[in-house]
Amino acid sequence: MTTSTRGAHRTPAVLVLEDGRIFRGRAYGAVGATFGEAVFSTGMTGYQETLTDPSYHRQVVVMTAPHIGNTGINDEDMESRKIWVSGYVVRDPARVPSNWRSTRSLDEELAAQGVVGISGIDTRALTRHLRERGAMRVGIFSGNALPDEGTMLAEVRQAPEMSGADLSAEVATTEAYVVPAIGEKKFTVAAIDLGIKGMTPHRMAERGIEVHVLPATATVEDVYAVNPDGVFFSNGPGDPSTAAHPVSVMRGVLERGTPLFGICFGNQILGRALGFGTFKLKYGHRGINQPVQDRTTGKVEVTAHNHGFAVDAPLDKVSDTPYGRAEVSHVCLNDNVVEGLQLLDRPAFSVQYHPEAAAGPHDAAYLFDRFTSLMSTASMEGQRA
């Protein structure tokens, strides 16, 4: 329902929330109609990485920073093969990008990829509304796709909800591929792609890890066919309560005792594999400025987030699971949401945020080193055995 019309800044556009609130602005990017879950991101930079993060599949992203597009678009900072957001909402887009790496404007890239957006609205008011009412379905309409208000609202309310959505297979690779180690190869990791960002295997490659990226449909047999020293479960979109297959694969890895690391969706998968529940947050964590405490060290990290669901695990005790004792290793200091899990009797841990930090601070980069240490320990124990 889109047409890639460039330079559409004067075309009227309307944003309609499922509770009936309406914002009027101008078309930005492609002209047409789009639907998704309205969420807001508090990052002041890194819009290209946000747009190409597969975890944003079927979401309409509202940028809280008012000025977006200043540095244009380049070919180096893409986190995947395309833009995944369903729609894009900005207040004051740059008229002319200015950066030595820029090859085209953000407006042109959105239009070329058919991403419908809106600009010129009060994004602060919209963000406050979403904070009070919670993330909800939304539609953006512009050009010939601009019907009457009643029709727009009806179409928004007919759009699918994020709760119950099984989306990881829609964004994951369909063919396995390898990211070679940089320098001397030390380990092999099988990475389950549930919506992986390109920087994640790169961070592992920097540490001498050869990463075999496998489709979301990969089986336990596929994982061990690459003879991994460790297994990684990536970030991704959708409701973790629908992820029965990844949970089954993770349990197979846990049973074998292979070092395991998960981020974001992978953290939720570990939670479910251990027997914990998951739940939908009111409006989620999205941005690059979330304070998280590593409870194993007491240190506080400023971290990059993109999640609308969380693990329901007790913060105040060690839990017994089918795979030994488990505890909450990281917690968000804003709202006490579980931000990490670790097993105490097996080499497995996960975090809810993005230590690859594309974009974002590098406070959590040590987690890749922690994964490497688990594999080193397992290797030495295997040699002694």
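# Note on the β20 neighbourhood and its surroundings

In strand β20, Gln342 is the bridge partner of Glu327.

1. Basis. The model is predicted, so local features need pLDDT of at least 70 and side-chain atom pairs pLDDT 80 or more, while totals for chains, interfaces and linings use all residues. Residues are numbered from 1 along each chain as its sequence is written, and side-chain values use heavy atoms, without hydrogens and water.

2. Strand β20. This strand covers residues 338-343. Helices and strands here are DSSP runs (H or I, at least four residues; E, at least two), numbered from the N terminus. Six of the six residues of β20 are buried, so the strand is largely enclosed by the rest of the structure. Buried stands for under 20% relative accessible area (exposed is over 50%, partly exposed in between; 1.4 Å probe, protein chains only).

3. The β19-β20 hairpin. Strand β19 spans residues 324-332 and pairs with β20 over five bridges. Pairing needs at least two DSSP bridges between the strands. The sense is antiparallel. Five residues separate β19 from β20 in this hairpin. One of the turn residues, Asn336, has a positive phi of about 65°.

4. The β20-β21 hairpin. What lies on the other end of β20? A second hairpin links β20 to β21, with four residues between them. Three bridges join these strands, which run antiparallel. Gln342 faces Phe349 of β21 across this pairing. Recall that Gln342 is also the bridge partner of Glu327.

5. From β21 to β15. Strand β21 (residues 348-351) runs parallel to β15, with four bridges joining the two. Ile263 of β15 has Val351 as its bridge partner in β21.

6. Strand β15. Are the faces of β15 (residues 260-263) covered or open? Both are covered. Leu260 and Gly262 are buried on one side, and Phe261 and Ile263 are buried on the other. Strand β14 (residues 230-233) runs parallel to β15 and is joined to it by three bridges. Gly262 of β15 stands opposite Phe233.

7. Thr200. This residue sits in helix α6 (residues 199-205). Thr200 has a relative accessible area of 0% and is therefore buried. Setting aside neighbours within four places in sequence, Thr200 is in contact (heavy atoms within 4.5 Å) with Phe232, Ile263, Glu356 and Phe368. Ile263 is the β15 residue whose bridge partner is Val351.

8. Helices α8 and α9. Which residues of α8 meet α9? Ala244, Pro246, Val247, Met250, Arg251 and Leu254 do. On the α9 side, the residues met are Gly266, Ile269, Leu270, Arg272 and Ala273.

9. Helix α3. This helix takes in residues 123-133. Its buried residues include Thr123, Ala125, Leu126, Thr127, His129 and Leu130. Asp122 caps the N-terminal end, with a side-chain oxygen 3.2 Å from the backbone nitrogen of Arg124. After the helix comes Gly134, with a positive phi near 95°.

10. Arg286. Strand β16 (residues 277-294) holds this residue. Its relative accessible area is 5%, so Arg286 counts as buried. Which residue 247 places away along the chain comes within 8.1 Å of it, C-alpha to C-alpha? The partner is Val39. Beyond neighbours within four places in sequence, Arg286 is in contact with Glu37, Val39, Phe40, Ser41, Thr42, Tyr56, Gln59, His305, Asn306, His307 and Gly308. A polar atom of the Arg286 side chain lies 2.8 Å from the backbone oxygen of Tyr283.

11. Glu301. This residue is part of strand β17 (residues 300-312). Why is Glu301 counted as buried? Its relative accessibility is 3%, and the cut-off is under 20%. Neighbours within four places in sequence aside, Glu301 is in contact with Gln290, Pro291, Val292, Asp294, His330, Tyr353, Asp363, Ala364 and Tyr366. Its side chain makes a polar contact of 2.2 Å with the side chain of Tyr366. A polar contact is an N or O pair within 3.5 Å; within protein one atom must be able to donate a hydrogen and the other to accept it, and residues adjacent in sequence count only through two side-chain atoms. Ala244, by contrast, is 57 residues from Glu301 in sequence and 31 Å from it in space, C-alpha to C-alpha.
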